[in-house]
Amino acid sequence: MGLEIERKFLVQSDRWRVDELGNSVLGTVYRQGYILASQERTVRIRIAGDKAFITIKGSAIGIGRAEYEYSIPVTDATEMLDTLCDRPLIEKVRHRIPIDDLVWEVDEFSGENQGLIMAEVELPQADHPVRIPDWAGQEVTGDPRYFNAYLVKHPFREWNEG
């Protein structure tokens, strides 16, 4: 069984945009949607750069959950995103930042979730030590509002509308 163990944080500054060597951190455009999004399971279609995937995830158990991901043709993913997935789609640029023995992923959302910037780090095991970078703010690992599947039904731009 595949297992995803990750922690999520809100990003509190732009210091992540430059790596420890002073280089700008480049990103990959992501477009993703959900065929099924419930508390118990999700089925996601994602195009990341020039690659596409279908991902099935189970419900969260602590900071982990079952995850199965498979490559699919980009043309199939595009068709599924355009015809089968709930709206709005998740649009973001993902930036990968190596820190120690882990890779942090900073997601800069656009579209209906413009203004939201989150960081996540995937762990090999739940108790793996993590050095939290100074640009990472409040931890939101257990808060379902920050799951991408939730952001489809409740886009970030609507959170403060009234």
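Which residues make a nonpolar surface patch of about 240 Å²? Ile35, Leu36 and Leu84 do. The model described here is predicted.

## Surface patch and the loop after α1

Of the residues in the nonpolar patch, Leu84 is placed in the loop that runs between α1 (74–83) and β6 (90–99). The other members of the patch are Ile35 and Leu36.

Pro88 is also found in the loop between α1 and β6. The peptide bond that leads from Arg87 into Pro88 is cis, and its omega is near -5°.

## Salt bridges between strands

The structure holds 17 salt bridges. One of them joins Glu4 and Lys57, with 3.2 Å between the closest N and O atoms. Glu4 belongs to strand β1 (residues 3–11) and Lys57 to strand β4 (residues 51–58), so this salt bridge ties together parts of the chain that are 53 residues apart in sequence. Glu4 has a relative accessible area of 5%, which is under 20%, and therefore counts as buried. Lys57 is buried as well, at 9%.

Another salt bridge is formed by Arg94 and Glu105, whose closest N and O atoms are 3.3 Å apart. Arg94 is in strand β6 and Glu105 in strand β7 (residues 102–110), eleven residues apart, and the pair links distant parts of the chain. Both Arg94 and Glu105 are buried. These two residues also belong to a network of salt bridges that links Lys92, Arg94, Arg96, Glu105, Asp107 and Glu120.

## A salt bridge outside the strands

Glu112 and Arg157 meet through their side chains in a salt bridge, at 2.5 Å from N to O. Glu112 lies in the loop between β7 and β8 (117–122), and Arg157 lies in the segment after α2 (148–153), so the pair ties together parts that are 45 residues apart in sequence.

Are these two residues buried or partly exposed? Glu112 counts as partly exposed, with a relative accessibility of 27%. Arg157 counts as partly exposed too, at 45%.

## Aromatic pairs

The structure holds four aromatic pairs. In one of them, Phe9 and Trp104 are tilted, with 5.5 Å from centre to centre and 45° between the planes. The pair links distant parts of the chain, since Phe9 is in strand β1 and Trp104 in strand β7, 95 residues apart. A pair of aromatic rings is described by the distance of the centres and the angle of the planes.

Phe9 is buried, with a relative accessible area of 3%. Trp104 is buried at 1%. Ring pairs also bring in Trp135, and Phe9, Trp104 and Trp135 are linked into a cluster.

## Charges over rings

Which rings have the charged end of an arginine over them? The ring of Phe147 has the charged end of Arg65 over it, 5.4 Å from the ring centre. The ring of Tyr30 has the charged end of Arg94 over it, at 4.9 Å from the centre. Arg94 therefore takes part in two kinds of arrangement, as it also forms a salt bridge with Glu105.

## Two buried strand residues

Ala52 lies in strand β4. With a relative accessibility of 3%, Ala52 counts as buried. Leaving aside neighbours within four places in sequence, Ala52 is in contact with Arg46, Ile47, Tyr70, Ser71, Ile72, Pro73, Val74 and Ala77. Ile132 is 80 residues from Ala52 along the chain, and the C-alpha atoms of the two are separated by 30 Å.

Ile99 is found in strand β6 and counts as buried at 7% relative accessibility. Apart from neighbours within four places in sequence, Ile99 is in contact with Trp104, Arg131, Pro133 and Trp135. Among these contacts, Trp104 and Trp135 are also members of the aromatic cluster with Phe9. From Ile99 to Val121 the C-alpha distance is 9.8 Å, and the two residues are 22 apart in sequence.

## The loop between β6 and β7

Asp100 is placed in the loop between β6 and β7. What is phi of Asp100 near? Phi is near 55°, a positive value in a residue other than glycine. Asp100 is exposed, with a relative accessible area of 57%.

Conventions: Residues are numbered from 1 along each chain as its sequence is written. This is a predicted model: local features need pLDDT of at least 70, side-chain atom pairs count only at pLDDT 80 or more; totals for chains, interfaces and linings use all residues. Side-chain values use heavy atoms; hydrogens and water are left out. Patches are made of residues with over 30% relative accessible area and no salt bridge: like charges are joined within 9 Å, nonpolar side chains (Val, Leu, Ile, Met, Phe, Trp, Tyr) within 5 Å. Accessible areas come from the Shrake-Rupley method with a 1.4 Å probe; for residues, only the protein chains shown count as cover. A salt bridge is a side-chain nitrogen of Lys or Arg within 4 Å of a carboxyl oxygen of Asp or Glu. Helices (H or I, at least four residues) and strands (E, at least two) are DSSP runs, numbered from the N terminus. Buried means under 20% relative accessible area, exposed over 50%, partly exposed in between (1.4 Å probe, protein chains only). Contact means heavy atoms within 4.5 Å. Rings of Phe, Tyr and Trp (its six-membered ring) pair if their centres lie within 6.5 Å; planes under 30 degrees apart count as stacked, over 60 as edge-to-face and the rest as tilted. A charge sits over a ring if NZ of Lys or CZ of Arg is within 6 Å of the ring centre and within 35 degrees of the ring normal.
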